[in-house]
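Subject: Structure handover

Hello,

Here is the structure I said I would pass on. Please open it first, then read the notes below with it on screen.

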Amino acid sequence: MDNYKGYIHLYTGNGKGKTTAALGLAIRAVGAGKKVFIAQFVKGIHYSELDALKRFPEIVINQYGLDCFIINQPTEKDILAAQKGLNEVKKAIESHLYDVIVLDEICIALYYQLISLDDLKNVLKNHPENIEIVLTGRYAPEELIEISDLVTEMKEIKHYFNNGIQARKGIDY
Ligand code: ATP
Ligand code: MG
């Protein structure tokens, strides 16, 4: 545990609000003069935050996913994209250019074995004390909960998706 410096947030659970919480934190950080790097794992479709965050030169947001395997099986391309993402996160940490680093849907990437927990832990290990790390995604493994300092579970009480309502642009993506 001693190897994990700086605070690690983990937003997990099956309810809505994990990614938007991370984006909200990113915007708050910018308000305090901080710089943010956001890596979106698994996701490849165009989420509205990609456009919204263009207004903030202090935030870099990149996607490292193809978004298509959820209905199929992950392919080599999905794995390569996720591994590229993790490598970019490592470089972002080592660059010391960012104060907050978000690994959006990293738990999904772990769940589908696009990256290994060991590889993720190696990237997080010894990260500089002044960098805040935010991990998101449902199905957080126990070990990730253990190394995190702040863990919030978004619990679904009700969701319109269950009534057949499709994801809506600007609200869900
Ligand atoms: P948000 O991004 O709104 O904060 P979240 O990060 O908590 O939500 P995730 O579990 O990461 O939600 O959902 C990932 C994507 O899958 C989102 O684009 C969401 O709109 C979509 N999604 C989640 N649950 C469902 C569902 N039951 N049916 C259809 N789409 C869903
Ligand atoms: Mg999400």
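Start at K18. Under 20% relative accessible area a residue counts as buried, and K18 has 8% relative accessibility, so K18 is buried. Keep in mind throughout that this is a predicted model. K18 is placed in helix α1. Along the chain, K18 and D104 are 86 residues apart, but in space their C-alpha atoms are separated by 8.5 Å. K18 is also one of the residues around ligand 1.

Next, the metal. Which residues coordinate the magnesium ion, ligand 2? They are T19, through its OG1 atom, and E105, through OE, at 2.0 to 2.1 Å. These two come from distant parts of the chain, 86 residues apart. T19 belongs to helix α1, which covers residues 18-31. E105 is in the loop between β4 (100-104) and α4 (106-111).

Are T19 and E105 buried or exposed? T19 has 13% relative accessibility, so it counts as buried. E105 has 14%, so E105 counts as buried as well. The side chains of E105 and T19 also make a polar contact with each other, at 3.0 Å.

Now ligand 1. Ligand 1 sits in the largest pocket. The residues around ligand 1 include G15, K16, G17, K18, T19 and T20. Further along the chain, Y47, E105, R138, F161 and D172 are also around ligand 1. Both residues that coordinate the magnesium ion, T19 and E105, are therefore on the list for ligand 1 as well.

Three of the distances to ligand 1 are worth finding on screen:

- G17: a backbone N or O atom lies 2.9 Å from an oxygen atom of ligand 1.
- T19: a polar side-chain atom lies 2.9 Å from an oxygen atom of ligand 1.
- Y47: an N or O atom of the side chain is 2.8 Å from an oxygen atom of ligand 1.

How much of ligand 1 does the protein cover? On its own, ligand 1 has 610 Å² of accessible area, and the protein covers 72% of it.

To recap, T19 is the residue to look at twice: its OG1 atom coordinates the magnesium ion, and a polar atom of its side chain lies 2.9 Å from an oxygen atom of ligand 1.

Regards

How values were computed: Residues are numbered from 1 along each chain as its sequence is written. Chains are lettered from A and ligands numbered from 1 in the order in which they are written. This is a predicted model: local features need pLDDT of at least 70, side-chain atom pairs count only at pLDDT 80 or more; totals for chains, interfaces and linings use all residues. Side-chain values use heavy atoms; hydrogens and water are left out. Donors are N, O and S atoms within 2.8 Å of the metal (3.2 Å for Na, K and Ca); water is not among the atoms, so sites may look incomplete. Helices (H or I, at least four residues) and strands (E, at least two) are DSSP runs, numbered from the N terminus. Buried means under 20% relative accessible area, exposed over 50%, partly exposed in between (1.4 Å probe, protein chains only). A residue is near a molecule or strand if one of its heavy atoms lies within 4 Å of it. A polar contact is a pair of N or O atoms within 3.5 Å; within protein, one must be able to donate a hydrogen and the other to accept it, and residues adjacent in sequence count only if both atoms are side-chain atoms. Accessible areas come from the Shrake-Rupley method with a 1.4 Å probe; for residues, only the protein chains shown count as cover. On a 1 Å grid over the protein atoms alone, a cavity is a set of points where a 1.4 Å probe fits but cannot get out, and a pocket is an open set with protein on both sides within 12 Å along at least five of seven lines; lining residues have an atom within 4 Å of a point. A molecule sits in a cavity or pocket if more than half of its atoms lie within 2 Å of its grid points.
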